[in-house]
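Welcome! Take a moment to turn the model around on your screen, and then let us walk through a few of its features together.

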Amino acid sequence: MAANRNLLMLPGDGIGPEVMGEVKRVIAWMDANRAVGFDIDEDLVGGCAYDAHGVAIADATMDKAMAADAVLLGAVGGPRWESLPFESQPERGLLRLRKDMELFANLRPAMVFDALAEASSLKTELVAGLDILIIRELTGGVYFGEPRGITDLPNGERRGINTQVYDTYEIIRIGRVAFELAAKRSGRVCSVEKANVMESGLLWREEMTKLHAAEYPDLELSHMYADNCAMQLVRMPKQFDVIVTDNLFGDMLSDTAAMLTGSLGMLPSASLGAADATGRRKALYEPVHGSAPDIAGENKANPLATILSYAMMLRYSFDLGADAELVELAVRGVLDKGLRTADIMADGKELLSTTGMGQAVVDEMAALAG
Ligand code: IPM
Ligand code: MG
């Protein structure tokens with residue numbers, strides 16, 4: 001059923017199209033059984049866009065992304081495009097989407113599913129029940145700061161430059177997202193930077209402290225240096241609830257947190273812009289895992305992170321919390337039944353293909369919905 005919900009799908013490269021195929025299966029079921037339908041358009045991003053248009057994302061695709069209610073992305077990149085010049089690399093497509101759509105708030109939940117707790121590289125008791133949310137600033141900092149580039153020096157050497165820069169408004173708006181989401185969880189926010197070394201980190205700490213006192217005095221704010229945070233994440237991860245941090249530290253800490261859960265193949269993410277006058281936010285949802293070119297086309301990839309990204313989309317872009325929960329419960333259900341893709345396979349469990357796992361999720365949704 002068309003419902004004026006415009007969704008742009010960008011499957012991308014590698015395993016992207018395969019995992020997106022399983023989201024389509026879930027969407028078809030939702031459409032038929034829960035009247036949750038979308039007007040879906042599909043386009044290219046990453047290496048496949050370069051092959052077709054000579055750029056990692058075409059302007060026409062950008063226009064569609066800007067107009068869509070939500071964008072669902074698979075993955076970009078692969079060895080075929082690694083020798084391209086920097087400006088043409090598949091990742092530039094993703095970075096342009098983030099920047100032009102002003103998706104400043106990246107939500108990266110790291111949850112351990114009970115059935116997978118033993119797959120973590122940490123002791124089971126350290127991670128069982130883990131549920132943390134990393135909020136990464138996504139449109140500022142050293143990823144986009146100027147000046148940047150590689151220049152030739154008079155002495156024949158070269159110099160590479162990137163700039164870490166944050167303005168107060170960028171810190172305050174990501175801080176608000178963190179406090180508002182924490183208010184729906186445990187109420188605890190840990191703000192992470194290197195205020196001991198970097199002025200941008202000092203400003204970050206000062207602004208977070210002021211924002212907390214002015215607008216969220218009932219919540220709890222703590223501060224941590226990024227190196228210590230990396231250490232604490234592998235030492236005692238359950239001490240954290242919401243972590244808010246800058247673009248580069250968030251990139252690294254979210255990979256660490258992802259690994260705690262036992263499989264990168266399980267983790268979704270949401271990237272959100274500011275709310276407009278009608279309350280609508282531009283939004284992009286994507287799995288945290290990459291394009292996994294080594295297994296692309298083999299029907300082996302784990303589609304659960306993309307399916308869970310779709311669930312985040314239902315919740316954050318369309319306010320369909322009950323439908324999001326049905327998808328999440330179905331994912332939990334298939335894991336509890338011992339169904340596994342290769343990346344999370346363990347002794348005594350049943351190995352499924354990508355399509356097999358997608359179908360298992362749909363069957364579980366049908367069973368749960370009665
Ligand atoms: C991520 C990725 C990207 C990043 C790459 C693909 C540009 O590592 O989303 O974490 O560095 O932000
Ligand atoms: Mg990363």
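Our tour of this predicted model begins just after helix H10, where Asp 319 takes a positive phi of about 55 degrees. That is a positive value in a residue other than glycine. You will find Asp 319 in the loop between H10 and helix H11, which covers residues 321–336. Is Asp 319 buried or exposed? With a relative accessible area of 69%, Asp 319 lies over the 50% cut-off and therefore counts as exposed.

Now step back into H10 itself, which runs through residues 304–318. The 15 residues of H10 reach 20 Å from the first C-alpha to the last, close to the 21 Å expected at 1.5 Å a residue. What surrounds this helix? Twelve of the 15 residues of H10 are buried, so the helix is largely enclosed by the rest of the structure. If you would like to pick them out, the buried residues of H10 include Leu 304, Ile 307, Tyr 310, Met 313 and Phe 318.

On the other side of H10 in the sequence comes the loop that links strand S12 (281–287) to H10, and Asn 299 is found there. Asn 299 has a positive phi of about 60 degrees, although it is not a glycine. The relative accessible area of Asn 299 is 29%, so this residue is partly exposed.

Another backbone feature awaits at Pro 147, in the loop between strand S5 (131–137) and strand S6 (149–152). Here the peptide bond from Glu 146 to Pro 147 is cis, with omega near 0 degrees.

Let us finish with a pair of helices. Two packed helices are described by the angle between their axes and the distance between the axes. Helix H1 (residues 16–34) and helix H12 (residues 354–369) pack at an angle of about 20 degrees, with their axes 9 Å apart. Because that angle is under 35 degrees, H1 counts as roughly parallel to H12. The contact draws on residues of both helices: among them are Glu 18, Arg 25, Trp 29 and Met 30 of H1, together with Thr 355, Gly 358, Val 362 and Met 365 of H12. Sorted by class, the contact of H1 with H12 has eight nonpolar, four polar and four charged residues. As for its handedness, H1 passes H12 in a right-handed crossing.

Conventions: Residues are numbered from 1 along each chain as its sequence is written. Chains are lettered from A and ligands numbered from 1 in the order in which they are written. This is a predicted model: local features need pLDDT of at least 70, side-chain atom pairs count only at pLDDT 80 or more; totals for chains, interfaces and linings use all residues. Side-chain values use heavy atoms; hydrogens and water are left out. Helices (H or I, at least four residues) and strands (E, at least two) are DSSP runs, numbered from the N terminus. The expected span of a helix is 1.5 Å times one less than its number of residues. Buried means under 20% relative accessible area, exposed over 50%, partly exposed in between (1.4 Å probe, protein chains only). Axes are lines fitted to C-alpha atoms, for helices over the stretch in contact, and angles run from 0 to 180 degrees between N-to-C directions. Angles under 35 degrees count as roughly parallel, over 145 as roughly antiparallel, 65 to 115 as roughly perpendicular and the rest as oblique. A crossing is left-handed if the near helix is turned anticlockwise from the far one by less than a right angle, and right-handed if clockwise. Contact means heavy atoms within 4.5 Å. Ala, Val, Leu, Ile, Met, Phe, Trp, Tyr, Cys and Pro count as nonpolar, Asp, Glu, Lys and Arg as charged, and the others, Gly among them, as polar.
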